[in-house]
Each structure stands twice: as structure tokens, then as C-alpha cells.
Amino acid sequence: MDNVTHSLAGLLLAECAVRLRSRATGVEPATRVGTAAAVASVLAANLPDADLFYTGAGGDRLTYMLHHRGYTHTVIGVLIGAALVWGAVLVVLRWRSRGWPARGDVLWLLALLVVSTSSHLVLDWTNSYGVHPFWPVDDRWRYGDSVFIVEPWLWVVSVPALVVGSGSRLLRVLLSLLLLAGLALAWRVDLVSKGAAAALTAGAAASVAVALLLGSMPRVATAVGGWLAVTLVMALSSAKARDSAFRAVRASDPDAEVLDVVVSPLPANAVCMAVITVERTGSSYRVVTARVSAAPSITEASGCGARSGVGAIFQPSTRISTRAVRWDSEWSAPINELATLAREGCPVLAALRFIRVPAWQHESADTVLLGDVRYGGGSGTSFSDVRVPVRSSVCARAVPPWTPPRAEILGFAVR
Ligand SMILES: [Zn+2]
């Protein structure tokens, strides 16, 4: 998830915690504690992305893939992060007021920061990028496949409530500008249809009206409920799209074994989904991209925007499309080829600990280009494309133990 959305989640959770605490105790928390809670909650909600400092700056593509959403995006990492922010906040509060906060405030802050840091993991899980939260007990990736990585409806349901509830003029201005910028962007980018942009704008107006009409507690509750409702609607649509894709594969190719269906909704759109099916037929591995409509009676799949970007190795799909599923492109290769590459090339196996939908091409007798079709990989232009030697026992440094998402086709146990 993007860091603006993580920050909004942090602010909303802090506001929620303040309202619940003042309701339980009958008194508002001291201003310095409330401000510290809001700042710390935003920090905690973004903290797992601190791994970008060592994966994004100067790191190569393989390092980025293996270590972004790495150890900091696990339950253990989240708890350590929450404890670090908690300790820092207590030290700052003591330094500013020359005394420790009350015991009730200390525990309340800890509970808030654990929830805020955990929200990062949950939000990242909702995307098709995935997380592996249960390391070191279980190193498998988990994919929510339900929410686009920047979902403007989450901004629409939360920002007005935060603006009305904030005591900071600067924050009110910044949040208002953020929502206006988000709406302006929705009207400009091709990824958001004009109908979706109009619905977003109307939704924002309604959200402002609701925030102005309600008292503080129902206002926060409505924003949290709206956030959960947006996520639930997206998840239900995604499940419907996944089911439609399964049925369409079975109808067009009964012998194909579907290994995975990657679903990514378009932003601000609970109807149109970008789908990738990963299949095995005998000794052949095949990847097919499609646009799928979760409600073909409202919008047919062929009306779900432009086809998703894929590498040049892909060909137009020959499958018969339906109202619900518009097949776009496909690519296939002998399944043993990837197994051999992974067995003989340590860097290939390392990359496969991240890559969920591998596509590859031999650039020379010694080099293979390997990428993830989720991000248009396989053509050399995606951040997920890596050029690696065909045979090499020299691995990337500090390869993490994530289970390869496509372990089932490698033909050997990966540790
Ligand atoms: Zn993250």
C-alpha cells in the first residue's frame, strides 16, 4: 500500500483510540498525549517500510525484491517496531514535561502503536504484492488480491472525518489538499474510468457532509466503517472475478491445472479486475492475462479499460472471451526449463523467492532474463526483471528464506 494510505490509517486509528479512551474515562487525554499519539501512530503505521532505506537506496533489483516487504513486514518485525516507537515516544514525553506519563496513558499508547504497526501488515496483505507475516514459523507469501495498491475510496471515506476532527490547522489544510489532489488525479489518469472518477467525487461530497453532521464518536466510527466496507466490497468482487477466471479456464482448456489466479482490482473500481492465470498442462507452463468483470451485466470485461502491460514475449491469447472474461495475452514455456534454471542457478532460485508469476527468456547461452508478469516482467523494463547467469553457485547476499511462490513447479524441495 502507498504511504499516504498507511498514514491515513495511522491518523484514523489514533483518533479512534482517543475517542474510545475519553469515552471510557470520561476525560479527554492531555493535548500533549493526544498529539504524541497521532504523530507516533502515523510513524508506526509506516515503520515497516523502513526497509526501503536499505533496499531502495542503491540496492539492485534483486535486493529490492527480496528485502522490500521483508523482515520488517512480519509479525515479529511489527512488534519490535511498535516497541521501538513506544519507547521513543515515552522518552520524548518525559523530556518535554520532565515526568513520565500516567500509567494508563503508557499502556494505552502501547496498545495503539501495536495496532497501528499491525495495520501496515494488513493493508499490504490486501494487495497482490503480498506479505509473509508468519516468518520464521511459516515462510510462505500470503496475497489478499483485493485492493489496488493506491485505492482512492479509502481516502474519500477517511479524510473528511480526519479534517473535521483535527485540532491542527496545518493538518486540516494538508489533508484537504490531499483529497483534492487525489480527486484531480482520478479525473486525469487513464487507469480510473470517468464513471469511477465521478462516483469518487460524489462520494467525497457525501463524506464531507456526513463528517460535518455527525458528532466526534459517530464520525470516527463511520470513517472506520467506510474503510472496512470499501475493503469488503473489493474483496467480494475480487472473489467473484477469481471464480469467473477459474470457470473460463475450465471451459476453454479442461486439461489445464490452474496453479494460481492473481487478481488486482483497478483503482476506484469494484467491477473491473486485472487477472493473471498461471497454469500447467502436461509439461507446459502457461501464463494468461485477462480483464475480468465482476458484474458483466453492468460493465462487460471488454469495457474494462486497456489490456494490462506485458512483456514483448507475450502473444495475443487465442482463447474465446466471454462477457465476464476478456482474454488478452499469453505466454508458455516447457515447465522443466524453469526447474533446471532454479536448480543450476543460485541467483535464479533467489529471484524465485519473490517472483509469483515467472516469465523468462534466454538472452544468450549464459544469461537468462527473468521477471514477474504481475509487473510486466519478462521484457527487461520492469523493476522485477533481473539478468542472471544460467549456471551459477554464487548467490545474492543474505538471501531470505521466503518460500518460492511457484515452488510446486520446481520439482525439488526448497529450503
Ligand atoms: Zn509495506
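How are helix 8 and helix 9 oriented to each other, roughly parallel or roughly antiparallel? They turn out to be roughly antiparallel, because their packing angle of about 160 degrees lies over the cut-off of 145 that this label requires. Keep in mind that this is a predicted model. Here is a short tour, starting with the whole chain and then returning to that helix pair.

**The chain as a whole**

- The protein chain contains twelve helices and eight strands.
- Its C-alpha atoms fill a box of roughly 70 × 50 × 30 Å along the principal axes.
- The radius of gyration of the protein chain is 23 Å, which agrees with the value near 22 Å for a compact globule with 415 residues.

**Burial and contacts**

- Of the 415 residues in the protein chain, 47% count as buried.
- Looking at contacts between residues at least 6 apart in sequence, 64% join residues at least 24 apart.

**Helix 8 and helix 9 up close**

- Helix 8 covers residues 169-188 and helix 9 covers residues 194-213, and their axes are 9 Å apart where they pack.
- The way helix 8 passes helix 9 is a left-handed crossing.
- On the helix 8 side, the contact is made by Leu 179, Leu 183, Ala 186 and Trp 187.
- Helix 9 brings Ala 197, Leu 200, Thr 201 and Ala 204 to this contact.
- What kinds of residues make up the contact of helix 8 with helix 9? Seven are nonpolar, one is polar and none is charged.

Conventions
Residues are numbered from 1 along each chain as its sequence is written. This is a predicted model: local features need pLDDT of at least 70, side-chain atom pairs count only at pLDDT 80 or more; totals for chains, interfaces and linings use all residues. Axes are lines fitted to C-alpha atoms, for helices over the stretch in contact, and angles run from 0 to 180 degrees between N-to-C directions. Helices (H or I, at least four residues) and strands (E, at least two) are DSSP runs, numbered from the N terminus. Angles under 35 degrees count as roughly parallel, over 145 as roughly antiparallel, 65 to 115 as roughly perpendicular and the rest as oblique. A crossing is left-handed if the near helix is turned anticlockwise from the far one by less than a right angle, and right-handed if clockwise. Two residues are in contact if their C-beta atoms, placed from the backbone, lie within 7 Å. Ala, Val, Leu, Ile, Met, Phe, Trp, Tyr, Cys and Pro count as nonpolar, Asp, Glu, Lys and Arg as charged, and the others, Gly among them, as polar. The radius of gyration is taken over C-alpha atoms; the globule rule is 2.2 Å times the number of residues to the power 0.38. A residue is buried if 20 or more other C-beta atoms lie within 10 Å of its own, exposed if 12 or fewer, and partly exposed in between; C-beta atoms are placed from the backbone.
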